[in-house]
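Notebook open, model loaded. I want to go through one helix and its surroundings, entry by entry.

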Amino acid sequence: MAITTTNLLNTPNEDQRVERVRRAALAAYVDGKISFAQANLRIRKAIERFVA
């Protein structure tokens, strides 16, 4: 079974709280502090917490 990962780093969000988390995760990923998967997970958790 293949696992697909949605690239949430490049997807702007209307909710300002999620957008703040997305920008912070993107910055950390670009700086090499966290992996792509970790950045995506942070954004996914923020969406679950604030939007859903």
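Before anything else, I note how elements get their names: helices (H or I, at least four residues) and strands (E, at least two) are DSSP runs, numbered from the N terminus. Pro12 then falls in the segment before H1.

Ground rules. I am working on a predicted model, where local features need pLDDT of at least 70, side-chain atom pairs count only at pLDDT 80 or more, and totals for chains, interfaces and linings use all residues. Residues are numbered from 1 along each chain as its sequence is written, and side-chain values use heavy atoms, with hydrogens and water left out.

Entry 1, helix length. I checked H1, residues 16–30, against the expected span, which is 1.5 Å times one less than the number of residues. For its 15 residues that gives 21 Å, and the end C-alpha atoms are 21 Å apart, so the two agree.

Entry 2, the ends. I looked for a cap at the N-terminal end of H1 and found Asp15, with a side-chain oxygen 2.8 Å from the backbone nitrogen of Arg17. A polar contact here is a pair of N or O atoms within 3.5 Å; within protein, one must be able to donate a hydrogen and the other to accept it, and residues adjacent in sequence count only if both atoms are side-chain atoms. After H1 comes Gly32, with a positive phi near 80 degrees. Gly32 sits in the loop between H1 and H2.

Entry 3, burial. I use buried for under 20% relative accessible area, exposed for over 50%, and partly exposed in between (1.4 Å probe, protein chains only). Gly32 counts as exposed because its relative accessibility is 60%. In H1 the buried residues are Val18, Glu19, Arg22, Ala25 and Ala28. Helix H2 (36–50) is what they pack against. I also looked up Arg23, which lies in H1; at 55% relative accessibility, Arg23 is exposed.

Entry 4, Arg22. Is this H1 residue buried or exposed? Buried, with a relative accessible area of 9%. With contact meaning heavy atoms within 4.5 Å, and residues up to four places away in sequence not counted, Arg22 touches Leu8, Leu9, Asn10, Thr11, Pro12 and Ile43. I followed up Pro12, which is exposed at 61%. Outside its neighbours within four places in sequence, Pro12 contacts Glu19 and Arg22. The C-alpha atoms of Pro12 and Arg22 are separated by 7.8 Å, with the residues 10 apart along the chain.

Entry 5, the helix pair. H1 and H2 pack at about 170 degrees, axes 9 Å apart. Axes are lines fitted to C-alpha atoms, for helices over the stretch in contact, and angles run from 0 to 180 degrees between N-to-C directions. The pair is therefore roughly antiparallel, the label for angles over 145 degrees (under 35 is roughly parallel, 65 to 115 roughly perpendicular, the rest oblique). I listed who meets whom: Arg17, Val18, Val21, Arg22, Ala25 and Tyr29 in H1 face Phe36, Ala39, Arg42, Ile43, Ala46, Ile47 and Phe50 in H2.
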